[in-house]
Amino acid sequence: MDHIVVVGASAAGLTAADTLRREGFTGTLTMVGDELRPPYDRPPLSKQVLAGEWEPHKATLRQESDVQRLRLQMVLGHRATEVDPAARAITLDGRERIGYDGLIVATGLRPRHLPFGHDLAGVHVLRTLDDTLTLRAELLGGPRVVVIGAGFLGSEIAATARGLGLDVTLVDVETTPLARQIGSDVGELVARTHRDHGVDVRMRRHVTGMTGQNGRVAAVVLDDGSRLAADVVVVAIGSVPATDWLTDSGIPLGDGVLCDPTCKAAPGVYAAGDVANWPHPLVGGRIRLEQRTNATLQAVTAAKNLLSDPDGALPYAPMPFGWTDQYDTKIQIHGWCPPDAHVEVVDGDVRSRTFVALYRTGGRVVGALGWNSPRALLRYRGHIAQHPGA
C-alpha cells in the first residue's frame with residue numbers, strides 16, 4: 001500500500017493519519033478537508049470559543065510542527081465530490097482526481113436546516129469554527145437570542161449565551177431538553193437548571209415560521225401562535241452524515257456509511273467518527289455515535305484495520321462515553337441512556353445536583369449517567385451489560 005487518502009480534516013481524520021504513521025505506514029498520506037483551517041476540536045466551539053474564553057487557535061488539535069512530522073499532504077479548502085472505488089480514486093471539487101490504495105472516510109456531519117428562515121440575517125447554525133466566530137460577533141451586540149433545538153448542542157449554546165448575560169429562549173418539540181439523549185426524568189432537571197439561570201424554556205412547541213424586518217430576523221413563531229422576539233436565532237435541530245459525495249459510488253449508505261464490524265465499508269475503504277454506521281454487539285444492531293471520544297477511538301481502529309486488511313482486522317466495540325458542560329454542571333454518560341429506560345439514582349441525590357443514575361432496559365443496565373459526579377460515575381461503569389441480553 002503506497003498511498004492512503006483520509007477525507008475529513010477534523011478529530012477522526014487527524015487521529016487516523018497519526019495512527020497510520022505510528023503503525024509504520026511510510027507511503028504517501030493525503031488529508032482532504034473542505035475548510036481552509038487546519039484540524040481543530042469541535043466540543044469547545046459551543047462553549048469556550050463561543051463564550052470568548054478561548055482564542056480560536058486554542059481549539060487547534062495539533063501544533064504545526066506536530067502535523068509536519070506526520071508528513072501529510074494537506075489539501076484544505078477543497079471538497080471531495082465523488083469516489084470511484086473500482087478505480088480507487090476520489091474527485092475534488094468536481095475536477096481534480098486523486099488516486100489511492102486505501103481510503104478513510106471521516107467527513108463527519110452537516111447541520112440540519114429548517115425549511116424557512118435561513119435567508120434572514122441573524123439566523124445561524126453552528127458546526128464550524130467560522131460559524132462560531134460569526135455567531136460570537138453577533139452575541140457581543142447584546143441581542144435577544146432564540147435557540148431552536150434542545151439537544152446537546154442547542155442546550156450548550158443556550159447556556160453559553162445566557163452566561164454572557166443575554167436574554168435567551170430555548171425551544172424544542174420534546175418534553176424536556178436532552179429528552180432523546182438522556183430521557184425526560186433527568187431531562188427535567190436540565191430544564192430546571194436552565195430556568196434557574198434565567199432561560200425561557202419552551203418545551204413541546206413546534207416552530208412554524210420566522211418573521212423578518214429589513215432582511216433580518218425579528219421573531220420566531222410557535223405552533224401555539226406565540227411570537228418570540230429575536231435578534232439572533234440559532235438552529236440546532238440535529239445533523240446528518242456528510243455522505244452526499246458518496247451517493248453514486250456503490251459504497252453502502254444508510255444513516256451514514258454502512259460498515260462491517262471492523263469499520264470496513266468496501267474494499268480498501270474504511271470509515272470513522274460521526275459518519276460511520278456499524279454493528280455493535282452491545283446493542284445487537286447498527287449504531288452511529290456522534291461523540292468526540294468515539295471519533296478518536298474509531299479512527300485508531302479504522303486506520304489499524306486498513307493496514308492489516310484482510311487478515312488482521314479486529315472488530316470495533318467500544319463502551320460509548322460522552323459529556324456536556326452547561327453552566328456549572330457536567331453531565332457524563334457511559335453506555336446508552338434510552339428515553340424509555342428505567343432510571344434509578346444509585347449514588348448522591350438529585351436535590352444536591354450531585355448524583356449517579358443507572359439506566360435499565362429489559363432488566364439489564366445499559367447506561368450510567370453522572371451529574372457533577374465524575375469519580376463516583378467510574379465506579380458504576382462496570383455495571384453496564386457487556387453483551388446483548390446479559
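A salt bridge here means a side-chain nitrogen of Lys or Arg within 4 Å of a carboxyl oxygen of Asp or Glu. With that in hand, look at aspartate 274 and arginine 127 in this predicted model: their side chains meet in just such a bridge, at 3.8 Å from N to O. The pair links distant parts of the chain, 147 residues apart. Aspartate 274 sits in the loop between strand 21 (269-271) and strand 22, while arginine 127 is in the loop between strand 9 (123-124) and helix 4 (129-139). Both of these residues are buried.

Let's step back to the whole chain before going further. It has eight helices and 28 strands. The radius of gyration is 22 Å, close to the 21 Å that the globule rule gives for 390 residues, so the chain is as compact as a globular protein of that length. Measured out along its principal axes, the C-alpha trace spans about 60 × 55 × 40 Å. Of the 390 residues, 52% are buried. Among contacts with a separation of 6 or more, 60% come from residues 24 or more positions apart. The chain exposes about 16900 Å², and carbon and sulfur atoms supply 48% of that area.

How is the chain divided up by the domain assignment? Domain 1 comes in two pieces, 3-110 and 240-307, domain 2 covers 113-237, and domain 3 runs over 328-383. The C-alpha centres of domain 1 and domain 3 are 31 Å apart.

Now back to the charged pairs. Side chains of opposite charge can pair when their charged atoms come close. The structure holds 24 salt bridges, and a few are worth a visit. Aspartate 347 and arginine 379 pair up through their side chains at 2.9 Å, N to O. Aspartate 347 belongs to strand 26 (residues 342-349) and arginine 379 to helix 8 (residues 374-380), so this bridge ties together parts that are 32 residues apart in sequence. Is arginine 379 buried or exposed? With a relative accessible area of 54%, arginine 379 is exposed, because the cut-off for that label is over 50%.

Another bridge joins the side chains of aspartate 325 and lysine 330, with N and O at 2.7 Å. Here both partners fall in the middle category: aspartate 325 is partly exposed at 22% relative accessibility, and lysine 330 is partly exposed at 29%. There is also a group to look at, since Asp34, Arg79, Arg110 and Asp244 are linked in a network of salt bridges.

Next, go to histidine 280, in strand 22 (residues 276-280). Its relative accessible area is 1%, so histidine 280 counts as buried. What does the side chain of histidine 280 reach at 2.6 Å? The partner is the backbone oxygen of proline 318. A polar atom of the same histidine 280 side chain also lies 3.0 Å from the backbone nitrogen of leucine 282. Setting aside residues up to four places away in sequence, histidine 280 touches Gly285, Ile287, Ala317, Pro318 and Trp336. Proline 318 therefore turns up both in that contact list and as the owner of the backbone oxygen reached by the histidine 280 side chain.

Alanine 161 makes a good next stop, in helix 5 (residues 152-163). This alanine is buried, with a relative accessible area of 1%. Beyond its neighbours within four places in sequence, alanine 161 is in contact with Leu166 and Val168. For a sense of scale, pick out aspartate 260 as well: the C-alpha atoms of alanine 161 and aspartate 260 are separated by 41 Å, with their positions 99 residues apart along the chain.

Finally, a look at the backbone. Most residues other than glycine have a negative phi. Asparagine 214 has a positive value, with phi near 55 degrees. You'll find asparagine 214 in the loop between strand 13 (207-213) and strand 14 (216-222), where it is exposed, with a relative accessible area of 79%. Arginine 353 also has a positive phi, near 55 degrees. This arginine lies in the loop between strand 26 and strand 27 (354-361). Which label does its accessibility give arginine 353? At a relative accessible area of 22%, arginine 353 is partly exposed.

Terms used:
Residues numbered from 1 in each chain as written. Predicted model: local features only at pLDDT ≥ 70, side-chain atom pairs only at ≥ 80, totals over all residues. Heavy atoms only, no water. Helix = DSSP H or I, 4+ residues; strand = E, 2+ residues; numbered from the N terminus. Buried < 20%, exposed > 50% of the residue type's maximum accessible area, 1.4 Å probe, protein only. Polar contact = N/O pair within 3.5 Å; in protein donor to acceptor, adjacent residues only side chain to side chain. Contact = heavy atoms within 4.5 Å. Domains from an automatic or database assignment. Rg over C-alpha atoms; globule rule 2.2 N^0.38 Å. Areas by Shrake-Rupley, 256 points an atom, 1.4 Å probe, with all protein chains shown as cover.
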